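User: I'd like a close look at a single part of this protein and how that part sits in the rest of the fold. Could you walk me through one strand and what surrounds it?

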Amino acid sequence: MKSLKTSLWSKVLLSVSAIAMSLSIANADVKEGTDYVVLKEEIPNAQNTVIEVYSYACPFCYKYSKFIPEIIKNLPKGVTFKPYHLEQKGDYGKQASQVYAVAMAKDKKAGIDINDTDKSSFQKAEHAYFEQYHAKKNRWKDGKDVDGFLKTGLDAAGISLEEFNKALDDADVKAILTEWEASYNVATIQGVPAFIVNGKYLIYTKSISSLQDLESKIQELLKK
């Protein structure tokens, strides 16, 4: 009986060692040029952040949005997830960025985390646009119904058109939109969605094999 227990324990140890080794190999495989590229122009004030550059009109961004809460939940303490909307994509890219920025500023004033899927006005607006565009195939007359597009996001966020127009002059809203200008240079490298760690390590989307793989890459790049 003793030898049987010893044999079983040996197998357990071997399994644990194999798992540890596989994780070590996976982490060691995060290589510049294959898994990520160092941005020539770093995004300022982005240490300890994971930034996602995305667009409401991007089908892959819509798919990734379903996993973002899990990614955020597993980030190390002190690391912030920041969404950057790309205004150059989609018939209403600029308007979407404005709605999102106004909603984020509203969340900030209310002391609500923009990643809170239940309370955040930003999250509600983002969800509404993703669902309308991708699930319901709403195109708001292909760029000819600005009012209708704005109404979709603003109604979801609980913001009136009057409040929206006034908020466009708000310092916080302007600061967000200015910060997002960095999105374009990132998007020209590989399109969207694009994940940037610490403002300088852009993960190649083609290298991501699973949610766990993306999380592993993020964890490793945060250590650099």
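Analyst: Here's a walk around strand β4, starting with the overall picture and ending in the packing.

Bear in mind that this is a predicted model. The protein has 11 helices and five strands, and 42% of its 224 residues count as buried. Among contacts with a separation of 6 or more, 72% link residues 24 or more positions apart. On the outside, about 12600 Å² is exposed, with carbon and sulfur atoms supplying 54% of that area.

Now to β4 itself, which covers residues 194–197. Which of its faces is covered? Both are: Ala194 and Ile196 are buried on one side, and Phe195 and Val197 are buried on the other.

The strand also has partners. Strand β2 (residues 49–54) runs antiparallel to β4, and four bridges join the two. In that pairing, Glu52 stands opposite Phe195. Strand β5 (residues 201–203) is antiparallel to β4 as well, with three bridges between them, and here Ile196 faces Leu202. Three residues lie between the strands of the β4 and β5 hairpin, where Asn198 takes a positive phi near 55°.

Next, follow the side chains. Ile196 belongs to the largest nonpolar core, a set of 45 residues; together with Ile43, Val53, Tyr56, Tyr100 and Val186, Ile196 touches the most other members. Helix α4 (residues 93–110) gives this core its largest share, eight residues. Phe195, meanwhile, is part of a second, separate core of 18 residues, which also includes Ile68, Ile208 and Leu221. In soluble globular proteins, nonpolar side chains tend to be buried together.

Ile43 is a handy place to see how β4 connects to other stretches of chain. Beyond its neighbours within four places in sequence, Ile43 is in contact with Ile196 and Gly199, and also with Ile51, Tyr84, Ala182 and Val186.

Finally, a side trip to helix α4, where Val102 has its place. Is Val102 buried or exposed? Val102 counts as buried because its relative accessible area is 5%, under the 20% cut-off. Not counting residues up to four places away in sequence, Val102 touches Ile159, Phe164, Ala167, Leu168 and Val173. Lys174 is 72 residues from Val102 along the chain, yet their C-alpha atoms are separated by 9.0 Å.

So, back at the strand: β4 is covered on both faces, pairs with β2 and with β5, and places Ile196 in the largest core and Phe195 in the second one.

Key. Residues are numbered from 1 along each chain as its sequence is written. This is a predicted model: local features need pLDDT of at least 70, side-chain atom pairs count only at pLDDT 80 or more; totals for chains, interfaces and linings use all residues. Side-chain values use heavy atoms; hydrogens and water are left out. Buried means under 20% relative accessible area, exposed over 50%, partly exposed in between (1.4 Å probe, protein chains only). Contact means heavy atoms within 4.5 Å. Accessible areas come from the Shrake-Rupley method with a 1.4 Å probe; for residues, only the protein chains shown count as cover. Two strands pair if DSSP finds at least two bridges between them. A nonpolar core is a set of buried Ala, Val, Leu, Ile, Met, Phe, Trp, Tyr and Cys residues joined through side-chain atoms within 4.5 Å.
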